[in-house]
Structure formats: C-alpha cells, structure tokens
Amino acid sequence: MRIEDYALIGDMQSAALVGRNGSVDWLCLPRFDSPACFASLLGDERNGHWWIGPSGPGPRLSSRRRYRENTLILETEWDTESGTVRVTDFMPPRQANPDLVRIVECVAGTVEMGTHIRIRFDYGRIVPWVRRTDGLLQAIGGPDSVWLHSPVPLQGGDYAHKATFRVSAGDRLAFVFTWHPSHSPAPHQIDPEAELAETEAIWTEWVAQSSTHTEDRWRDAVTRSLITLKALTYAPTGGIVAAPTTSLPEDLGGVRNWDYRYCWLRDASMTLDALLGAGYVEEARDWREWLLRAIAGRPQDLQIMYGVAGERRLPEMELPWLEGYEESRPVRLGNAAVDQLQLDVYGEVMNCLYLARASGLLAISRTWAIQRSLMDFLESHWDEPDEGLWEVRGPRRHFVHSKVMAWVATDRVIRQVERFGQHGPLDRWRALRERIHAEILEKGYDPERNTFTQSYGSAELDASLLLIPQTGFLPPHDPRVTGTIDAIERELMADGFVLRYPIAQENSVDGLTGGEGAFLACSFWLAEARAMVGRRKEAVELFEKLLSLRNDVGLLAEEYDPRYERLVGNFPQAFSHVPLIHTAHTLTRPGCTPRYTEILGGEREQEQDGERA
Ligand SMILES: OC[C@H]1O[C@H](O[C@H]2O[C@H](CO)[C@@H](O)[C@H](O)[C@H]2O)[C@H](O)[C@@H](O)[C@@H]1O
C-alpha cells in the first residue's frame, strides 16, 4: 500500500491506519507510543494486520471511501459483481479500554466476504497465545491482551485466524477488538451500534464548535485538518503527538525514518495556534496543563519534546526485525532529537501561551512563573548555536530562525506585561528584544543578495525564513522580507515545491545520507507568505496545488516526493495540516484569527494583484 492509501481512525489516545484494501496495518495500544499489535505497515503481514473485505473475484482495493461528515468514522465500500458492501471503521472515544470496531454492512445484493487477523504484539515480534473464552477470541502476550468479538466463526491456522462469510442486503455484522492489560479480568463488552452513534455525536458536536472562517471551496479541507489535529491529541493529559506513526520514510528506501509519536513543544504549539484560530480554547487549556507538568523543574532541563504524559526519556533505538516501509531501514523507536538544543521552541511556546491568553484563556500564576524562568534561561543562552527547528544531526549553528524565535519569545512576554499587567523586568526584556533584533539584521541578513540566510555567515537559504512575516519581526512588506521570499523562490524550489534547505552531495548541515521529498509545511509557508505580501493569485495557485496532494480522504504526510508523485514521511502529520489551516484563514479573512488580531495588527487589508483567484 502507498502511504496515501491509508486513512486514519482514532480515539484520542491512539490511532490506526486502515488501507484501501480493508486492512488495518498499524495500531499501537493502549497509547500512540505503545508497541504496535498490527505493524505490517513497517514490514509485512507476518508483523500483524487485520483485513476485512470481499473475498470473491474482483478488485482488492475499495471502490470508494470517505469519512462520515464531520467525523473520524471511516466508510469503505466495494462494488462487486454480486453486490455492494461497506465496512465502517472507528475507535470510540475511550471510557475504559481501547476498542476498534469494524461493522460490515451489505448495501445491495450479496457479497462473499473474508477476514484475516494476525495479532503480533511488540511491533510484530510476539506471537501471542490465543484461546476461545465465552465466544470471544483472546490473545495474550507479555503485558498485552486483546479480545475479539467476531460475529462469524473464525478458524485458526498458521498462527492467525480467518473466516469467509456471505452478507446480503440489509445485513450488519459488527466485529469488536478490545485491548486490555493481560493481568486484568475480561473487559466489559461494548455495544458497537450504540458506540457508533455516540462517536458520531462526539465528533459532529466538536466540529460544530468551530468558528473557522474559510472560503467555501476550502472548508472541507480545513475541517478535515482540524479533525486530524484533534485526533492527534492525547485526551488524558492534553499532550499532542506530531504524527501517529514511526519510520515512514522521508526518502523511500533510505535512512530518514523517525518516530513522531511524541509531543514536540514546537509542533504542539503550532497545532494549538491553528486550533485557537478556529476558536478551540479548551484544547489550549489542556495543553497548558500538560506543559506545566511536563516541563516542571529547572528551566535548564527543558526538553524540546516529551512523551504524551510528559515522559522525558525517549531513547532512540532500532527494531531490526522489521524490514521497514518499502525496505526503508532502520525502523526507529524513540527520538535522539530529545537531547538537542532548539532555541526556537521558546518562541513557539511563548507565542502560543500569549495567543491562548488573548483568546480568553484565564491566567494562572504557575504559567507566568514558568514563563519567567524560561526567559531567565533564554536571556543567557539565546546567543548560543543550536540544532534548530530541523533538528539537524550535523554541527550546531547560529540558525537565523532560532534567533528570530528567541526574539518572538521576548516580544510575547513583553506583550503579556503590557497587555495583561503581568509583572516582569520590562526594561531588561525590551533591551534584549532590541539586541536580538539588531544582531539578526547584522549577522543573519545578506544585504548583497537581499535575503536572510540559514545561519550567521552562511550563503545557504532555509525555508523557515518564510515564517518571518508571521512573527511580527519585520512587517511583511519590508524589502528584506520580500527579498527573502524572492530568493527562496529562486534558489530553494524544486518541481514547484519549497525544500527545507539545500541538501548537497556532501551534506554538512543535517549530517544524514540520502535526499528527501519536499517538506510540505515549507510550501504552505510560501503560499501564506505570498498572501501576506499581496501576491494572492500566486498564493492561491500554490495553495490549491498543495491541496491536490491530499489523499482521497483529505490527509497529508510530512512530505511529498515529486519524483514518484507520492506522499512520504510520517502520516498524517500535524506539521502539514497546521499550515494548511493557517493559509486558508489568511487567504480568506486573516483578521479573524488571534495571530493577526494580537500580533500583526488586527484586520489587515490584503493587497490584491488582480482578480480574486
Ligand atoms: O530531519 C531530521 C530530523 O527529522 C525529524 O524532525 C522533523 O520532525 C519533527 C516532528 O514533526 C519536527 O518538529 C522537526 O521540525 C522536523 O525536522 C526527526 O524527528 C529528527 O529526529 C531528525 O533529526
């Protein structure tokens, strides 16, 4: 299956990927970052999967699929010679144990169906003991246990279970797969039809709260992105994962395979910025609570990422028994970026907390105390080299984006004092803000080429510089900003997409072998930057080109590889859906998001370069 052949279902504690062939090929339980019990995504069927689909002659891939409107409930349909069948897949937002529900429904005629389930705990490695208890199939291995309620008799063999069955118009058969700790008594059995109704109500009510202002033609894309971001939140703690997968490659067959099932302060802050722009303040409150718990302690111990409950140790390791997605090895767990210094996260966190406050989230004194101690740390470390937002594995540098975000951090705490009367060393912070600003203009800007550069003194460009107009560091129309946009368009684009940074043969920046696709966020940033400097027509063109890369159910991976015309990288990726939402808002009515009203000076008139596209 290609990455774009998958759809996401989830319960805001974990998520599954369902292929267009009806196979669940990825599912980690009980949390996003738990070991997978279906891991064929990163290997093959021997590593665990659960297929349901027509078994007779005819297409293996579905004829069509969609999410039920404004929900995360997936409906996959096959037209066969004898009839049409639908499989409805969902994970009910959790009460006790995680459940995966699959309802087979014959829409017309008669269809021969099949199912094949191979449960493998610990990312495809543990073959469980399986037994039948009270009409259920129970699989046990180590700490994990799953119970499967099957409405049709399953036959065991070759350490898997299968069945064939026939459905006729009007038939509905529900399969329920429930995880629970292996030491606990049997889990409570849910009523799948009642859970379906309840799950639908939860999602549609959540979507109804949105105050997003988007042109009609982009509304579905924005709504699907919002639902996807919400699905990546971890409900018990308020943490937000960057993506629900590990090791989907940025370079097919290559080594750029990372585990994204963690909470990056950068990705999470940006996600909340997007949710706040659509009126979702509750998620910001939950995340603020998560943040306060996760980073509690000494400011110098702040990490750039944590586990979903705030875990600090995320050691990177490899899973050699998995051959990797299309042989992209190694498959990694954990992420060594956890130990990096990335100064931009201070800016992203302060920006997010400021916007949340300005959006009506009440102040709590603990937050301001933490912000002040983070500022103490930043004041004495902002001028150090770091690994930057791209988490390079080469030597540290003075990345310009990191410095701009240190300016943002300082600017936002100053605003919090000025606007909300919070106490802080205003004069000292104002002087710091000036100093950072002046240094960036002196060392991070090349007057001859009229562009900001990737790092102090380098000739290279970097797509993160496209974020400058969104920060308030300089007005969007400043010639140094427009010059940077022009330079990136000239020098950092391939096949119509923006690259993160140049990847040369002898790559000294990121310290990795191989190339990568186009990191999608960067092209959205260009679309938004164009919109902000009044180049609306070109902004819309690029935005719609990016929208066309979404798969049939509206999802984006981290990157797109124009060589193969395929999505690559972890999937679906918050970092791609966030700028999709921002760009749609900016192109529609920027004045309605806190980012504009609070930072960029209220309702802004967008200059038009001709007709509305
Ligand atoms: O490019 C090398 C790095 O790639 C990953 O980082 C990227 O994903 C992060 C999560 O979305 C994002 O915050 C970061 O900006 C991206 O560069 C990976 O996690 C790193 O370990 C790796 O060095």
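## Around the ligand

By class, the shell around the ligand holds eight nonpolar residues, one polar and five charged. Here Ala, Val, Leu, Ile, Met, Phe, Trp, Tyr, Cys and Pro count as nonpolar, Asp, Glu, Lys and Arg as charged, and the others, Gly among them, as polar. The shell has 14 residues, and the closest are Ala 242, Trp 258, Ala 337, Trp 390 and Glu 391. To be near the ligand, a residue needs its C-beta atom, placed from the backbone, within 6 Å of it.

Before going on, note that this is a predicted model: local features need pLDDT of at least 70, side-chain atom pairs count only at pLDDT 80 or more, and totals for chains, interfaces and linings use all residues. Residue numbers start from 1 along each chain as its sequence is written.

## Two domains

The domain assignment, which is automatic or from a database, splits the protein into domain 1 (3–204) and domain 2 (209–599). Taken over C-alpha atoms, their centres are 34 Å apart. Domain 1 puts 27 residues into the contact, and domain 2 puts in 34. Contact between two residues means C-beta atoms, placed from the backbone, within 7 Å.

On the domain 1 side, strand 1 (6–10), strand 6 (64–67) and helix 1 (121–124) each give two or more residues. Strand 1 supplies the largest share, with four residues. Helices (H or I, at least four residues) and strands (E, at least two) are DSSP runs, numbered from the N terminus. Sorted by class, this side of domain 1 has 15 nonpolar, six polar and six charged residues.

## Strand 3 and its partners

Have a look at strand 3 (residues 23–28): six of its six residues are buried. Buried means 20 or more other C-beta atoms within 10 Å of a residue's own, exposed means 12 or fewer, and partly exposed is in between, with C-beta atoms placed from the backbone.

Strand 2 (residues 15–19) runs antiparallel to strand 3, joined by three bridges; two strands pair if DSSP finds at least two. Ala 16 sits opposite Leu 27 of strand 3. The two strands make a hairpin with three residues between them, and Gly 22 in the turn has a positive phi of about 90 degrees. Leu 27 also has Phe 38 as its bridge partner in strand 4. Over in strand 5, Trp 50 stands opposite Val 24.

## A three-strand sheet

Another spot to find is an open, antiparallel sheet of three strands in the order 26-27-28. Strand 26 (518–519) and strand 28 (566–568) are at the edges with a single partner strand each, so one side of each has no neighbour in the sheet. Three bridges link strand 27 (residues 559–561) to strand 28. Asp 561 faces Arg 566 in strand 28.
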